[in-house]
Amino acid sequence: MPRIRLTASAQSDLAEIWHYIAIEQQSPLNADSLADAFNERFQLLASHPHSEELVEHLRLGTRRSIVKKRFLVFYQAESDGILILRVLHGARLIRPEDLG
């Protein structure tokens, strides 16, 4: 089974997204559903790491996947799986320095 690793920034992104939806928007069920969607996408990406769009203008070897039409998952393929760099809202202006 391919390995899925997350940077500290990606872990923080996911926690902030969950907190915002569950607490600020008072919708823990939606937050949990989105967390499940992220996990499903991570599994799919780990199994097919080269299937998504390259965004090397942001960082060499980086790919982007869209979850629920509004969240961007930035990741890199590794020999045994993937490394999730960041999970950001699509409305945000993404700069190379945002990906580390």
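I started with helix H2 (28–47) and the face turned away from its buried side, where I found the exposed residues Leu29 and Glu40. Exposed here is over 50% relative accessible area, buried is under 20%, and partly exposed is in between (1.4 Å probe, protein chains only). Helices (H or I, at least four residues) and strands (E, at least two) are DSSP runs, numbered from the N terminus.

Note to self: this is a predicted model, where local features need pLDDT of at least 70, side-chain atom pairs count only at pLDDT 80 or more, and totals for chains, interfaces and linings use all residues. Residues are numbered from 1 along each chain as its sequence is written, and side-chain values use heavy atoms, with hydrogens and water left out.

Next I listed the buried residues of H2: Ala31, Leu34, Ala37, Phe38, Phe42, Leu45 and Ala46. They sit on the same side of H2 because their arc around the axis is only 170°, taken from the directions from the helix axis to the C-beta atoms.

What do they pack against? I got strand S1 (3–6), H1, strand S3 (62–67), S4 and S5.

Then I looked up the largest nonpolar core, meaning buried Ala, Val, Leu, Ile, Met, Phe, Trp, Tyr and Cys residues joined through side-chain atoms within 4.5 Å. It has 18 residues, and Leu34 and Phe38 are among those touching the most other members. H2 gives the most to this core, seven residues.

Last, I checked Phe38: leaving out residues up to four places away in sequence, Phe38 touches Leu14, Ile17, Val67, Phe71, Val73 and Val87, with contact meaning heavy atoms within 4.5 Å.
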